[in-house]
Amino acid sequence: MPRTVADALVERLRTWQVPRVFGYAGDGIDPMLAALRRAGDPEYIQPRHEEMAAFMASGHAKYTGSPGVCLATHGPGAAHLVNGLYDAKLDRRPVVALVGQVVSSALGSGYLQEIDLHALFKDVCGQYLQTVFRPEQLPMLLDNAMRTAIATSTPTCLILPHDVQQMDAVDEPPQEHGVVPSAAVSGRPYVEPTEDELRRAADVLQQGSRVALLVGRGAAGAADEIAQVVELLGAGVAVSLLGKPLLDERTSWHTGVMGHLGTTASAELMSGCDTLLIVGSNDPWTEFYPAPGQARAVQIDVDGRVVGSKYPVEVALVGDAATTLRALLPLLRRTTDRAWSRQVERDVERWRKIADERANAPANPVNPELVVRSLSPHLPSDVLVAVDVGSATYWYARHLTLPPAALAHISSYLASMGCALPYALAAKLDSPDRPVLALAGDGAMQMNGLLELITVADRWRYWTDPRFVVVVLNNRDLNEVTWEQREMEGDPRYDASQRVPDFPYARYAELLGLTGIRIEKPDQIVPAWQQAFTADRPVVVEAVVDANTPLLPPKLPSAKLDKIHHAIDQEASQAARPPILRQRATENYLD
């Protein structure tokens with residue numbers, strides 16, 4: 001049969017070394033599906049919903065650094081992609097969406113499933129959004145979509161009407177007016193600050209007596225350089241949520257995650273420092289930064305749009321984190337006064353005691369902090385971790401100690417529930433020889449995680465290493481929002497909006513042919529982890545946990561505490577009050 005535009009598209013994806021396409025079938029993309037069938041490469045991955053295809057593409061980009069590709073039909077298929085694409089946009093990850101459209105002769109007629117795709121995608125794929133109308137355009141448009149996604153770390157979109165997909169492909173576009181040739185290549189700039197900027201930054205840092213670092217995901221690959229800065233300046237280091245996997249949290253100068261879901265040690269670091277070095281972070285929790293006027297600041301980021309956008313900085317160093325730090329290090333002298341360093345170490349030790357005491361506090365029936373904290377020593381050294389949004393995020397941030405080689409990702413800036421299972425699948429599909437952990441709450445599992453367990457059950461036998469552990473924190477509550485209602489609004493828990501129907505997650509896993517483990521007592525936790533990471537198939541660990549375990553920020557102001565107590569005063573049950581009092585007393589007692 002003649003080679004079609006759809007065939008040419010698949011060939012071009014191979015040229016770009018795209019290993020797999022995440023998509024869901026629909027008649028608007030039948031020619032592209034047929035071309036994928038004929039080619040056999042890239043691999044076609046079918047999730048249970050187009051939103052999951054976009055999340056998988058975003059997850060692929062996060063774990064691999066390469067563009068993820070998702071495919072959907074026009075109309076409802078296209079609309080379903082949007083949330084996952086926004087996840088990629090807000091977390092700055094390269095994704096290319098390939099979307100079908102009704103036949104071009106019917107555009108504008110109000111045809112079945114016709115929607116204005118340019119209007120739909122104009123924000124989320126605003127860096128590059130084009131429709132293919134002629135075969136000669138295809139190579140150039142796909143190359144531009146891929147290049148733009150890589151260069152801007154954002155999602156792009158290519159729309160292909162059904163009839164255009166069926167057209168005969170052009171082997172070699174003619175060299176004539178109006179035909180633009182293209183090559184499937186891309187590159188990245190080498191960016192570094194000037195010598196003058198580096199000297200100014202070194203002067204600011206050298207004059208500080210209490211230096212703090214805030215490290216985000218943009219510091220990937222710079223762990224050694226960060227450790228050298230810490231040693232030279234006697235500094236402490238806090239990380240953003242996205243920066244958590246980059247550094248060894250077992251060091252004495254690592255205070256943990258900063259922010260509402262962060263640690264007391266990080267709060268003390270930020271409130272006590274007189275100089276701040278921000279490395280690859282654009283963390284939005286501005287109320288947890290040093291107070292205005294408290295600290296002089298230097299910021300390193302490869303994106304010039306980010307520097308100074310969350311905190312007033314004196315010197316902006318635009319460049320790759322590792323390269324910039326290597327250039328900065330020779331300009332720094334080792335300080336002799338280590339009083340601040342010793343204070344940081346005391347705060348870190350204090351936090352570890354607080355965290356351990358909180359994890360071992362009584363709960364009904366099981367403390368979720370203990371569930372996650374107990375998981376750390378059982379993690380394989382090469383584990384890939386996917387974390388969902390909700391109370392699980394807090395316990396991951398505060399209690400899960402990652403092995404140095406582990407990769408971990410979450411929907412950060414969009415903070416969308418339902419990311420963990422598609423992320424975990426994307427990670428496993430790319431690295432079938434590595435164990436995977438997905439950590440989610442019951443709300444996220446009911447939103448879409450249960451559906452993607454079907455995909456896990458369908459595919460796991462093809463994996464070299466079958467270990468795929470899904471942890472479900474079952475508290476029958478949309479827990480993060482419940483605590484937000486109390487803390488932010490002073491409102492009592494609203495049962496109609498917050499109750500999550502009970503569901504037998506472990507038994508459902510067994511129904512799918514997976515292993516199901518249910519934790520209902522503290523002494524079942526460690527055996528569960530031992531069984532889960534030695535199983536011969538994927539495992540769902542359902543931990544029945546206490547919804548009254550507080551999700552509160554470190555150093556909670558008294559005014560907010562009063563607001564929470566006012567909210568609980570209005571609730572029929574007062575079960576949430578004792579854990580709050582215990583948590584507050586623990587922080588004060590260990591001062």
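In which sense do strands β4 and β6 pair, and over how many bridges? The legends below take up this point and others in a predicted model.

**View 1. Strand β4 beside strand β6.** Strand β4 covers residues 95-101. β4 and β6 pair in the parallel sense, over 7 bridges. One bridge joins V95 to P155 of β6.

**View 2. Strand β5 beside strand β6.** β5 spans residues 129-131. β5 and β6 also pair in the parallel sense, here over 3 bridges. Q130 has L158 of β6 as its bridge partner.

**View 3. A right-handed β-α-β unit.** The unit is made of β5, helix α6 and β6. Helix α6 runs over residues 138-152.

**View 4. The buried strand β6.** β6 holds residues 155-161. Because 7 of its 7 residues are buried, the strand is largely enclosed by the rest of the structure. Side chains in a regular strand alternate between the two faces of the sheet. In β6, P155, C157, I159 and P161 point one way. T156, L158 and L160 point the other way. Residues of both sets are buried.

**View 5. I226 in the largest nonpolar core.** This core has 83 residues. I226 and L437 touch the most other members. Beyond its neighbours within four places in sequence, I226 is in contact with L213, V215 and A219. Its contacts also include V237, L247 and L325. Another core, of 58 residues, lies apart from this one. Among its members are A54, Y63, A420 and M445. In soluble globular proteins, nonpolar side chains tend to be buried together.

How values were computed
Residues are numbered from 1 along each chain as its sequence is written. This is a predicted model: local features need pLDDT of at least 70, side-chain atom pairs count only at pLDDT 80 or more; totals for chains, interfaces and linings use all residues. Side-chain values use heavy atoms; hydrogens and water are left out. Buried means under 20% relative accessible area, exposed over 50%, partly exposed in between (1.4 Å probe, protein chains only). Helices (H or I, at least four residues) and strands (E, at least two) are DSSP runs, numbered from the N terminus. Two strands pair if DSSP finds at least two bridges between them. A crossover is right-handed if, with the strands pointing away from the viewer, the path from the first strand over the helix to the second runs clockwise. A nonpolar core is a set of buried Ala, Val, Leu, Ile, Met, Phe, Trp, Tyr and Cys residues joined through side-chain atoms within 4.5 Å. Contact means heavy atoms within 4.5 Å.
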